Amino acid sequence: GPSASTSQQIVDGEKLALHDAGGRAGLFKINYESLDDSSPTSGEWNSDITATDAKVAAQDTSTIAYLGDLDSGATAISLPFVNGAGILQISPGSPYVGLTSSFEAGQDEPDRFYLSGKRTFVRLAPGDISQADAQVQLMKSLGVHRLYVLDDQDPFEMPLANIVADYAERAGITVVAHDSLSTRPEAVFTGEVEKIVESHAQAVFLAGGEGEGTVALWRDLHSAAPNLLLLGSSALVSESFTSQIGGAGARTYLTTPVLPNWFYPPSAQRVLRDYRSRFGAEGGAYALYGYEAMTVVLDAVRSSGARGNDRQTVIDRVFATKSRNSVLGRYSVEPDGETTLSRYGVDRVSAGRPVFLRAIAVTPPAP
């Protein structure tokens, strides 16, 4: 499906890390099993398959860690199973705020994901709160004073729109409106576009996924207001989206936790060379996220000595991580499961492709 190349890089990065460790962590031999959460017909992640994968991992008494899922919705399904079994979960993505924080999250979140009452989930990529801060910093640099916020009614995207609106207001940017709208392929945006044009907003921010409807919305907005800035979340950083938006690409800015390879430390460059040699393909940031997801687990098992097969000991080791030097840069793990990795990228669209523009150091205000 649309995430296949990203998923393959993550999985291969994990395999490379285990290979580099000789298949062992301290006293223990480590086996790796990759479980696909996607539907064979659609290629999209599937809730039933995700639940089955999580149950398989949770019920296996030899499981020491669960690496994934990539998508926030999938993690929201897998996390209660994995947490209930007292197993460490490390995600390379899943930015949804409610997985770690109650700020603008859904009802009873994040507590509803943690059946054991203990935090067991760590995400490596900066989440929604960091992305919202990056978006607002971008808006300020572009001279935006009037903002129109949209979301596509996806419960895992709507909180990001709320946080962006909140942070924008705190930064002195007027949020003229916040609308939720369907971006299904058959959706018609005439009325919404008229509202946005009449609001005299300088920019529109959309928290939502790619698809035919989002492409149509982007094109309609640009046709009606060619000078309008079109700002999108990381879910839109895909050539399948950017290749279809035509002239709107010239006014489009997208935020992403994925930075160019040269932004990562020397250890990452060695890993990417080994990745190229081993898999015959170029690796990027997602290969590094996969590599670090596996490596931080292996290090936790190794440092636990004879208790490296004890799930809670390994969880405690990962949550005790401070100033860790990794292929992603130096970071610590916070008590809520966030890391201190704090750089977000901004992409423009060139020749129908997302192209890196610059990096932003995020420093989100307190919720």
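**Figure 1. Salt bridge between D166 and R170 in helix α5 of the predicted model.** D166 is partly exposed, at 21% relative accessibility. That value lies just above the boundary, because a residue counts as buried under 20% relative accessible area. The side chain of D166 meets that of R170 in a salt bridge, with an N to O distance of 3.1 Å. Both residues belong to helix α5, which spans residues 158-170. They are 4 residues apart, about one turn of the helix. R170 is also partly exposed, with a relative accessible area of 44%.

**Figure 2. Salt bridge between E282 and R276.** The two side chains meet at 2.8 Å, N to O. E282 is exposed, its relative accessible area being 52%. R276, by contrast, is partly exposed, with a value of 37%.

**Figure 3. Salt bridge between R307 and D310, and a network of charged side chains.** The closest N and O atoms of R307 and D310 are 3.2 Å apart. R307 has a relative accessible area of 48% and is classed as partly exposed. D310 is likewise partly exposed, at 25% relative accessibility. In a further view, salt bridges link E292, D299, R302 and R324 into a network. The count of salt bridges in the model comes to 14.

**Figure 4. The open sheet of 7 strands.** The strands follow the order β7-β6-β8-β9-β10-β13-β14, and their pairing is mixed. The edges are formed by β7 (174-180) and β14 (353-361), each of which pairs on one side only. From one strand to the next, the twist averages 25°. Within the sheet, β10 (residues 252-256) and β13 (residues 343-350) run antiparallel and are joined by 3 bridges. One residue of β10 to locate in this view is T256, whose bridge partner in β13 is G345.

**Figure 5. Helices α4 and α7 against the sheet.** Helix α4, residues 128-141, lies across β6 (146-151), β8 (203-207), β9 (229-232), β10, β13 and β14. Its direction is at about 95° to β14. Helix α7, residues 212-224, packs on the sheet as well, touching β6, β8, β9 and β10. The direction of α7 makes about 160° with that of β9. Strands β6, β8, β9 and β10 are thus named for both helices, α4 and α7.

**Figure 6. The buried side of helix α6.** In helix α6 (residues 190-198), the buried residues are E192, V193 and I196. These residues lie on the same side of α6 because they cover an arc of only 100° around the axis. The elements covering them include strands β6, β7 and β8, together with helix α7. Just after α6, H200 adopts a positive phi of about 60°.

**Figure 7. Edge-to-face pair of Y96 and F156.** A search of the whole structure finds 8 aromatic pairs. In the pair formed by Y96 and F156, the ring centres are 4.9 Å apart and the planes make an angle of 80°. The pair links distant parts of the chain, 60 residues apart. Y96 lies in the loop between β4 (88-91) and β5 (121-123), whereas F156 lies in the loop between β6 and α5. Y96 is buried, with a relative accessible area of 3%, while F156 is partly exposed at 23%.

**Figure 8. Tilted pair of Y286 and Y289 in helix α10.** The two rings stand 6.1 Å apart, centre to centre, with 45° between the planes. Because Y286 and Y289 are 3 residues apart in helix α10 (residues 285-303), about one helical turn separates them. Y286 is partly exposed, at 23% relative accessibility. Y289 is buried, at 3%.

**Figure 9. Aromatic cluster of W262, F263 and F356.** Ring pairs link these three residues into a cluster. F356 falls within the residue range of edge strand β14 (353-361).

Conventions:
Residues numbered from 1 in each chain as written. Predicted model: local features only at pLDDT ≥ 70, side-chain atom pairs only at ≥ 80, totals over all residues. Heavy atoms only, no water. Pairing = 2+ DSSP bridges. Helix = DSSP H or I, 4+ residues; strand = E, 2+ residues; numbered from the N terminus. Axes fitted to C-alpha atoms, helices over the stretch in contact; angles between N-to-C directions. Contact = heavy atoms within 4.5 Å. Buried < 20%, exposed > 50% of the residue type's maximum accessible area, 1.4 Å probe, protein only. Arc of directions from axis to C-beta. Salt bridge = Lys/Arg side-chain N within 4 Å of Asp/Glu carboxyl O. Phe/Tyr/Trp six-rings, centres within 6.5 Å; stacked < 30°, edge-to-face > 60°.
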